[in-house]
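Here is a friendly walk through one protein model, taken a region at a time. Keep the structure open beside the text and follow along.

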Amino acid sequence: MSILKRGSTIVLETKNYHYVIAYDTFGYVHSVHWGEKCPIEDYVVDDIGNVNPNHPNLDQIRCEYTPFGKTMYRPCAVKLHFSDGCREINPAYSSCKIEGEEVHITIKDCYYPLEMTLNYRVHYDYDIIERSVTFNNTGKDDIVFETLMSTELTLPATKPYHILNTNGSWGAEFTPTDSVLDGGSLTFESRQGRSGHINSPYFIAYTEADEKNGRVFFGHLKWSGNFKIKAHRDFLGITRVTLGLNSFDFEHVLKGGQSFTTPEVICGLADGLGNMSRNLNRFGYSEILPKNFADKELPVLYNSWEATEFDVNVKDQSALAEKAAAAGCELFVMDDGWFGARNDDHAGLGDWFVNKEKFPNGLCELIENVNALGMDFGLWVEPEMVNPDSDLYRAHPDWAYHYDTRKSNEIRNQLVLNMTKPEVQDYIYNCLNDILNENNIKYIKWDMNRPFSETGGENLEHPKMLWYLHTKAVYEIVDKLKANHPDVQFESCSSGGGRCDWGALEHYDEVWTSDNTDAIDRIFIQKNYALTRPVKTMRAWVTDVNWYNRDTPLDFRFNISMRGVLSLGGNLNNYSDEDISVCRKYVDLYKEIRPIVQFGDLYRLLDIDKDEISAELYIDKEKSNSVLFIASVNTRCIKKAVPLYIDGLDDNRIYELTFEDKHYKKSGSFFKYVGIPIEIRKQYYNNIIKIKAV
């Protein structure tokens with residue numbers, strides 16, 4: 001059993017660590033310890049006296065969940081007001097309930113009808129604990145929340161932590177930012193209605209850590225809407241982190257008799273950034289991803305966008321599908337342009353019916369042609385948006401977020417539908433459900449190409465709840481469609497990586513990582529994606545994108561894309577027979593190594609920014625088969641032979657590999673500690689090496 005209780009002390013035990021909490025006689029729940037294991041009888045709650053009235057004891061205690069009010073002046077996890085205007089919470093411990101791998105600690109306000117239950121679920125093998133908070137209004141009057149965090153984490157007091165997050169953009173998603181927090185606060189957030197391209201809904205904290213060593217704390221919020229992550233270090237050197245719904249333009253009204261549970265947070269501790277990644281990777285496909293495809297290999301797809309853009313029809317798409325099949329693809333996805341009056345991005349969005357001029361016999365003719373080639377068929381949609389030039393908008397202009405006295409701002413010639421309206425939800429669900437019922441479709445790419453604006457809705461009694469309700473509606477529609485069509489994969493896309501958080505991963509089978517498919521940029525983007533998310537969720541395309549006027553070889557592009565879920569997106573109409581043969585060669589190789597890449601452990605051996613070489617090893621659970629990807633754009637000066645240390649193999653087993661015509665048959669410890677010499681001077685160097693245990 002991974003949950004132990006002794007008196008008022010509760011120990012949540014994972015494979016390598018203890019997370020310890022305890023409640024005191026005043027009703028506060030304390031964070032006692034998060035780290036290496038100790039005997040349970042050693043854990044106690046220290047009594048903090050009022051040494052200085054300017055720094056009262058309540059402002060110093062390590063609360064599991066800090067309420068607003070009294071003499072607590074640090075950032076709080078929850079702030080609200082009761083019906084009589086009181087804004088202070090006076091908590092008192094009520095009960096502790098242990099159910100298998102879960103523990104629920106209930107705190108009640110001493111006067112008002114408010115119950116707060118701190119929820120914990122232990123994932124022993126992954127050193128991960130999931131946390132959330134449930135609020136119950138046991139009275140009759142409304143309770144209005146202004147700040148509503150999912151969790152608060154107190155890190156062991158030590159020297160200042162590095163706080164790792166992202167500060168990216170469209171086309172440069174997951175760009176890391178590493179800040180040393182020696183005092184005050186750091187805030188990472190989204191205000192766009194989606195988790196976004198800039199900051200990320202997680203934190204990573206460490207003092208001294210690298211790929212292999214050093215204690216790493218982390219927390220990931222399972223939420224795809226507005227979020228806020230705040231890290232604060234006080235005058236005592238205590239670092240606390242809160243994660244949850246963004247308090248920006250937010251309120252949540254909890255009516256009498258109702259309850260509300262915050263989005264969950266995945267909390268964990270690991271030894272080194274590499275172990276953190278591998279734990280999250282295994283945890284993701286084992287515990288989080290939708291079950292229909294979580295344990296299945298994802299197919300090699302071809303997407304038609306670069307080849308045809310909006311100009312789609314049966315004849316041209318069928319001819320393109322023949323080339324995709326010749327390249328070895330297993331899934332053909334038709335992108336934008338198949339519906340409504342959709343000839344460019346100015347019109348048709350929202351009219352989810354087949355364009356009869358392009359497809360006079362509906363989609364079935366094209367799908368039958370694709371299926372006859374041995375491929376499944378997929379479709380692109382953008383259900384949350386509408387063009388003003390559409391039948392849907394002309395019939396229901398009030399279905400978009402708007403203010404009657406303001407002109408709505410269009411982005412990409414589109415507006416955001418008011419997903420808090422039941423009739424909008426029904427329309428979207430029914431349209432997509434009908435398309436799936438009427439056609440043999442196995443894949444839906446769900447896009448969201450703009451942030452919110454004019455966030456008004458006449459249907460909402462409490463308008464500031466729309467940010468939360470919109471995201472919940474998206475989740476519910478996707479879940480309902482998946483339940484009704486269990487053989488259909490769903491991909492999350494939002495102008496690239498704008499919605500690929502752990503909340504999305506609980507509902508979608510995979511994500512579109514970035515609209516930037518340049519192979520050199522993708523080395524950087526994919527490395528930082530896989531730092532915190534499962535590899536098998538990362539769609540990685542081989543395309544013809546050439547933003548930088550550089551001619552990147554086709555085999556180099558495959559080297560980078562094969563490190564995720566391989567996909568093709570180039571204009572195959574321009575490919576020679578030799579190009580198609582190259583595609584087929586790498587697609588066939590990918591199918592051979594696919595179980596290792598999608599389900600194996602990833603070891604980052606060399607970093608292209610630091611070492612001028614990118615080297616990554618994927619190895620299966622049994623440590624029997626692995627694949628090593630090596631790529632270099634260009635190296636500076638004369639590069640002598642340097643050792644490549646291959647981590648991740650079993651020290652005590654013998655492995656074989658061939659590198660640059662030299663055959664090695666050595667122990668895992670040799671490859672790890674002695675390494676093999678590499679000397680790279682070639683531009684666009686590309687090598688994929690299979691390693692097998694003897």
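Strands β16 and β17 make a hairpin with five residues between them. Within that turn, Gly237 has a positive phi of about 85°. As you look at it, bear in mind that this is a predicted model.

The two arms of the hairpin, β16 (residues 227-233) and β17, run antiparallel and are joined by seven bridges. One pair to look for is Lys230, which stands opposite Thr242 in β17. Strand β17 also has β10 (residues 143-155) as a partner: seven bridges join β10 to β17, again in an antiparallel arrangement. Here Leu153 is the residue standing opposite Val241. How many of the residues of β17 (residues 239-245) are buried? Seven of its seven residues are, so the strand counts as mostly covered.

Strands of a sheet pair through backbone hydrogen bonds, either parallel or antiparallel. The parallel kind appears in the next region.

**The barrel**

Eight strands close into a barrel, and their order is β21-β22-β23-β26-β27-β28-β29-β30. The pairing in this barrel is parallel. On average, neighbouring strands of this sheet are turned by 30° against each other, direction ignored. Taking one pair from the barrel, β21 (residues 301-303) is joined to β22 by three bridges, and the two run parallel. Asn303 has Val333 in β22 as its bridge partner.

Helices pack on this sheet as well. Helix α5 (residues 364-372) touches β22 and β23 (376-381), and its direction makes about 135° with that of β23. Helix α7 (residues 422-438) touches β23, β26 and β27 (489-492), with its direction at about 150° to that of β26.

Leu331 is a good residue to zoom in on, as it belongs to strand β22 (residues 331-334). What does Leu331 touch, leaving out residues up to four places away in sequence? Its contacts are Pro299, Val300, Leu301, Tyr302, Met375, Asp376, Phe377, Gly378 and Tyr443. Leu331 has a relative accessibility of 2% and therefore counts as buried, the cut-off being under 20%. For a sense of distance across the model, Leu331 and Thr158 are 51 Å apart in space, C-alpha to C-alpha, and 173 residues apart in sequence.

**Two helices side by side**

Helix α11 (residues 554-561) packs with helix α12 (residues 577-599) at an angle of about 25°, and their axes are 10 Å apart. Why do α11 and α12 count as roughly parallel? Their angle of about 25° falls under 35 degrees, so the two helices meet the cut-off for that description. The crossing of α11 and α12 is right-handed.

On the α11 side, the residues that meet α12 are Leu554, Asp555 and Phe558. They meet Asp579, Val582, Cys583, Tyr586 and Val587 in α12. Sorted by class, this contact has six nonpolar residues, two charged ones and no polar ones.

Another residue of helix α11 is Ser561. With residues up to four places away in sequence set aside, Ser561 touches Ala540, Trp541, Val542 and Leu566. Ser561 counts as buried, because its relative accessibility is 3%.

**Residues in other places**

His123 lies in strand β8 (residues 114-123). Apart from its neighbours within four places in sequence, His123 is in contact with Thr14, Ile128, Glu130, Phe283 and Glu287. Its relative accessible area is 11%, so His123 is buried.

Two loop residues deserve a look for their backbone. Arg412 has a phi near 60°, which is positive in a residue other than glycine. Glu454 is not a glycine either, and its phi is positive at about 45°. Are they buried or exposed, or in between? The table gives their places and accessibilities.

| Residue | Loop between | Relative accessibility | Class |
|---|---|---|---|
| Arg412 | α6 (391-395) and β25 (415-416) | 41% | partly exposed |
| Glu454 | β26 (443-446) and α8 (466-484) | 13% | buried |

At 41%, Arg412 is partly exposed, while Glu454, at 13%, is buried.

Technical notes
Residues numbered from 1 in each chain as written. Predicted model: local features only at pLDDT ≥ 70, side-chain atom pairs only at ≥ 80, totals over all residues. Heavy atoms only, no water. Axes fitted to C-alpha atoms, helices over the stretch in contact; angles between N-to-C directions. Helix = DSSP H or I, 4+ residues; strand = E, 2+ residues; numbered from the N terminus. Parallel < 35°, antiparallel > 145°, perpendicular 65-115°, else oblique. Left-handed = near helix turned anticlockwise from the far one by under 90°. Contact = heavy atoms within 4.5 Å. Nonpolar A, V, L, I, M, F, W, Y, C, P; charged D, E, K, R; others polar. Buried < 20%, exposed > 50% of the residue type's maximum accessible area, 1.4 Å probe, protein only. Pairing = 2+ DSSP bridges.
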